[in-house]
Amino acid sequence: MSESPTQFDSAIVGGGVIGCAIAWRLAQAGMKVVVIERGDVGREASHAAGGMLVPLAEADDADDLFHLCVASRAMYADFASELKSASGIDVEYRTEGTLYLSLTEHDDEELERRWQWQHAAGLNVKRLNADCARKLEPQINDKLRWALKFPDDHQVNNRLMIDALHAAAQNAGVEFQTQAEVERLLIESRAGRKQVVGLSTSRGEIRSKTVIVAAGCWSSLLKSESETLLPALKVEPVHGQMVAVAMIAPPVSHIIYSCRAYVVPRLGGVLIAGSTSDKFGFEKRVTADGIASIIERAKEILPGFGNLTITETWSGLRPRAGDGLPVIGADASVAGLVYATGHYRNGILLTPVTAKAVSEIILKSESTVSLSAFSPTRFSPQ
C-alpha cells in the first residue's frame, strides 16, 4: 500500500530569492511549507544578479513599479539584519550609495531629465560637479562632466542573500525538494469553484492547501492537466551576461552607472560589470562579443578596467512578463493559487516587499501592499 502524500499548508514552485523569502515568512507564521525547485536552490536569476537596490538610478518616472521598488528598498536594512539573525549569514548590505555619470552631451540630457523630476518630487538625489564626484571615486573617467548621487540606492551580495534565505527558511522548518520538476498543478472543483489542492512532480505528488508560483522564467510553462494556467502571462527569459574582475586600486566603494553600463564593488576585492540583454530562449551562454561589449562600456566609467584580471564570467535569465511588470497576487479563477513572478531586473530589490505581500495574501486573504498594477488578472480575458 503506497504512502499518502504529506499535506502542506503551502507549496512554493521555485527556489530563488522570491520563493525562499516567501517560504521563510510563511514558516515564521507557523505554516507547513515545501519549496519545489527544478535545479538547485538559488542557482538561476538569483545567482546571476548584481544585487543592486537602485530604484532611483534606474527610474524614468514615478510609476507603480517605482513606488513598489522604493517601498521594498526602505525595508532592506531591517530585512538584512533579521536575515543575519535567522541564518547567521551577513548579506553585505552596503549603504555607500550610487553615482550616475554624465560622460557626453547626450548623457547630459538623460541625467538632466532624471534630476529634474526626482528633485521636483523631493527624492534624495544630489547633483555633483566633476571635482566632487572624483573626490568620492578617484578612478572615474577624466571625461566626466558631472554626476548624480543617489545616497539611498544601496546594494547587497545576492549570492550570500540566497544562502541566507535558504538557511533561514530551513531553520524555520521549510522543506526543500530540489531536482524536482513540477509536471502539473492539481486542481479540483469545490462548490462550483476551482481549488488548487497540490502538485504532481517528478518526485511524486504533493498535497497543499495553497500553491505559490515563483518559478521565474518557467512560471508560464506550468500546466493544469493539459492546459497552461494563464496563457497570456508569458513570462519569458531575457538573457544577460556579467563579468567580474579583481578590484582596481584604490578600490571603488560606490555603485557607478553610466547611460550604457554599471560597475558594482563587492567586499573581498571584486568588481562586477554588466550587462547585456538578449533573447536566446532558455539557453544560458557566455559569448565573446557579450563580454567584450561589457568591458568596453565599463572602461568608459573606469579607464583602468581593461587591465584588470577577469575572475569570473557568467550569464543568467531574467524573468520578464509581457508588459515588463512583476506578477504578484491571487489567481482570479483558481482559489489558493498565487503568483509571485516576472520580477525581471528587480528580483533582488523586490524580495522583501514581495514576501510581505504574498505571505499576507496567504495568511489574511489580502495584502497591505498595493498590488493592483501587478495583479495576474491583468492577463485574463476580458
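What radius of gyration does the protein have, and what value would a compact globule with 382 residues have? For 382 residues, a compact globule would come near 21 Å, and the radius of gyration of this protein, which is a predicted model, is 21 Å, in agreement with that expectation.

Begin with the whole chain in view: along its principal axes the C-alpha trace spans about 75 × 40 × 40 Å, and in a cartoon representation you will find ten helices and 21 strands. If you then colour by burial, 56% of the 382 residues count as buried. A contact map is a useful companion here, since among contacts between residues at least 6 apart in sequence, 73% join residues at least 24 apart.

Next, switch to the surface, where the protein exposes about 16,200 Å², of which carbon and sulfur atoms supply 47%. Select the charged side chains as well: there are 39 positive and 45 negative charges, and the mean positions of these two sets lie 0 Å apart.

Now select residues 64-74, which form helix α4, and show the side chains of its buried residues, namely L65, F66, L68, C69, S72 and R73. Looking down the axis of α4, you will see these buried residues fall within an arc of 165°, so they line one face of the helix. An α-helix has 3.6 residues a turn, so residues three or four places apart point the same way.

Finally, keep α4 selected and add the elements against which its buried residues pack: the strands β3 (52-53) and β19 (327-330), together with the helices α3 (55-58), α5 (76-87), α6 (105-120) and α10 (351-364).

Conventions:
Residues numbered from 1 in each chain as written. Predicted model: local features only at pLDDT ≥ 70, side-chain atom pairs only at ≥ 80, totals over all residues. Heavy atoms only, no water. Buried < 20%, exposed > 50% of the residue type's maximum accessible area, 1.4 Å probe, protein only. Helix = DSSP H or I, 4+ residues; strand = E, 2+ residues; numbered from the N terminus. Arc of directions from axis to C-beta. Contact = heavy atoms within 4.5 Å. Rg over C-alpha atoms; globule rule 2.2 N^0.38 Å. Areas by Shrake-Rupley, 256 points an atom, 1.4 Å probe, with all protein chains shown as cover. Lys, Arg positive; Asp, Glu negative; His and termini not counted. Charge placed at Lys NZ, Arg CZ, Asp CG, Glu CD.
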